[in-house]
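Student: I have a structure open on my screen and would like to talk it through. Could you take my questions one at a time?

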Amino acid sequence: MSVTFAHERLRDIAHRIVQAGGSSEAEAAVVAGHLVDANLAGHDSHGVGVLPHYVRDIQAGLLRPNQAPEIVLENGSFAVWDGRLGYGQRIQHEAMEWCIATAKRLGVAVHALRDSHHIGRVGAYGEQAAAAGVVSVQFVRSDSGETFVAPFRGREGRYMTNPVCIAIPATATNPAFLLDFATSKLAMGKVREAHQKGVELPEGAVVAANGSPTRDPGVMYREPPGALLPFGEHKGYGLALACEILAGAMTGHGTTKGLPPYRGALNGSLSIVLDPSWLGAQSTMATEIDAFIAWVKSTPPADPSLPVLVAGEPERLNRAERLSRGIVIADMTWKQICEAASTLDVRVET
Ligand code: NAD
């Protein structure tokens, strides 16, 4: 069972919940816009379904509304931002604005973010940079007091789903390239969704606590729990460790060491932003991108019903469809949103 919402309606509901949690009108608009856009892009794991977690973190003092992000160290094209446990959607957006302006001035900008609450769908900031004509590479450390993801060849979780995002501006012919994924085989939100719906996971996504492969999402909710596996075996595992080091050790946010106490759903991140015009190759770059993508897409699909796509296309296709047909929210998710809203005296209805 599920409920379908027009995106404007869902944005209004999310806005009212975030504002009732203590955020200013402007902050609530940024957060609600980000969450609903994640639903529109097809990433329901990072859409309005996270609101009950956010409300819990606010009530526990672990998410602090209305935190203006602070640059604690600025050194030429480098800046360190302290998120002060504020809404990551606002903080990473503002930090990316700084990166874009600095990259246009100096060719490159690097921003390290620590102690931010959840920044959500990382691709949103890749899209923001690409729309401004700059290239971005983001490494993110997920930090939520749990360690669901096992290292390659391991069977106990040691860190979280640490996402990576690479975004490249559009050319006259091709929309922006947007590669944005968790380094685990599945984002944890997708395991939660499968568990709620009672459906099996794809092969190779999780192992039971004894290390045996399984498709049952329930193993993640038993004691002792199973573990999510990295995507691409040793390759995704290596990338996840790079996130811990670049977004955790290098930013001052810290890495996963033992089972940390729950401090809220936090993120540390390292973003590198480049203005390609500084390489003097802007026009040839666009021509090369267009020729290369045309070549890649000239391959016949192995299954004619599944066309060859380029990163960023699934999100655009989902957005077009969901803008016209609405956003489907699973019953369980809607129930949790209503419960969270009622704790803030917000009335929401379908
Ligand atoms: P996913 O597995 O759906 O992969 C998405 C990426 O793959 C996108 O770049 C998409 O364009 C591309 N893609 C998908 N199908 C494709 C195809 N057929 N051909 C070419 N490219 C294709 O993503 P995920 O790992 O489930 O992550 C979902 C979201 O969760 C991301 O937006 C990520 O930023 C977010 N996330 C955030 C955190 C956090 O701590 N803030 C942690 C984990 C994940």
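Tutor: Happy to; what follows is a short conversation about this model, which is predicted.

Student: Let's begin with the ligand. How many residues surround the ligand, and which are the closest?

Tutor: The ligand has 22 residues around it. The closest of them are Leu178, Asp180, Lys190, Gly312 and Glu315.

Student: How far is the side chain of Lys190 from an oxygen atom of the ligand?

Tutor: Look for an N or O atom in the side chain of Lys190 and pair it with a ligand oxygen atom. Glu315 also offers a polar side-chain atom, 2.7 Å from an oxygen atom of the ligand. For Lys190, the distance is 2.7 Å.

Student: Which residue has a polar side-chain atom 3.4 Å from a nitrogen atom of the ligand?

Tutor: Polar contacts are counted within 3.5 Å, and here the distance is 3.4 Å. The residue that places a polar side-chain atom there is His118.

Student: Moving on to Gln92, is this residue buried or exposed?

Tutor: Gln92 belongs to helix H4, residues 88-106. Its relative accessibility is 0%, and the limit for burial is under 20%, so Gln92 is buried.

Student: Which side chains make polar contacts with the side chain of Gln92?

Tutor: Leaving aside residues up to four places away in sequence, Gln92 touches His111, Leu113, Ile119, Tyr125, Gln138, Ser269 and Ser271. One polar contact, of 3.2 Å, links the Gln92 side chain to that of Gln138. Another, of 3.5 Å, links it to the side chain of Ser271. The two names you want are Gln138 and Ser271.

Student: How many residues of strand S11 are buried?

Tutor: Strand S11 covers residues 266-274 and has nine residues. The rest of the structure largely encloses S11, because the buried residues number seven.

Student: What is the sense of the pairing between S11 and the strands S4 and S5?

Tutor: S4 (residues 108-117) and S11 share eight bridges, with Ala112 opposite Leu270. S5 (residues 135-143) and S11 share nine bridges, and Ser136 has Val273 as its bridge partner. The pairing of S11 with S4 is antiparallel, and its pairing with S5 is antiparallel.

Student: Which residues make up the covered face of S1?

Tutor: In a regular strand, side chains alternate between the two faces of the sheet. Ser2 and Thr4 form the uncovered face of S1. S1 also runs antiparallel to S12, joined by four bridges, and Val3 stands opposite Ile329. The covered face is Val3 and Phe5.

Student: How does the span of helix H10 compare with the expected value, and where are its buried residues around the axis?

Tutor: H10 has 13 residues, 331-343, and spans 19 Å from first to last C-alpha, close to the 18 Å expected. Its buried residues are Thr333, Trp334, Ile337, Ala340 and Ala341. Their arc around the axis is only 125°, so they lie on the same side of H10.

Student: What covers those buried residues of H10?

Tutor: The cover includes both strands and helices. Among them are strand S1, helix H1, helix H3, helix H6 and strand S12.

Student: Which residue just after H10 takes a positive phi?

Tutor: The phi angle in question is about 60°. The residue just after H10 that takes it is Asp345.

Student: Last one: which are the edge strands of the open sheet S9-S8-S10?

Tutor: This sheet has three strands with antiparallel pairing. S8 and S10 are joined by two bridges, and Val207 has Ala227 as its partner in S10. An edge strand here pairs on one side only, and the edge strands are S9 and S10.

Notes. Residues are numbered from 1 along each chain as its sequence is written. This is a predicted model: local features need pLDDT of at least 70, side-chain atom pairs count only at pLDDT 80 or more; totals for chains, interfaces and linings use all residues. Side-chain values use heavy atoms; hydrogens and water are left out. The expected span of a helix is 1.5 Å times one less than its number of residues. Buried means under 20% relative accessible area, exposed over 50%, partly exposed in between (1.4 Å probe, protein chains only). The arc is that of the directions from the helix axis to the C-beta atoms. Contact means heavy atoms within 4.5 Å. Two strands pair if DSSP finds at least two bridges between them. A residue is near a molecule or strand if one of its heavy atoms lies within 4 Å of it. A polar contact is a pair of N or O atoms within 3.5 Å; within protein, one must be able to donate a hydrogen and the other to accept it, and residues adjacent in sequence count only if both atoms are side-chain atoms.
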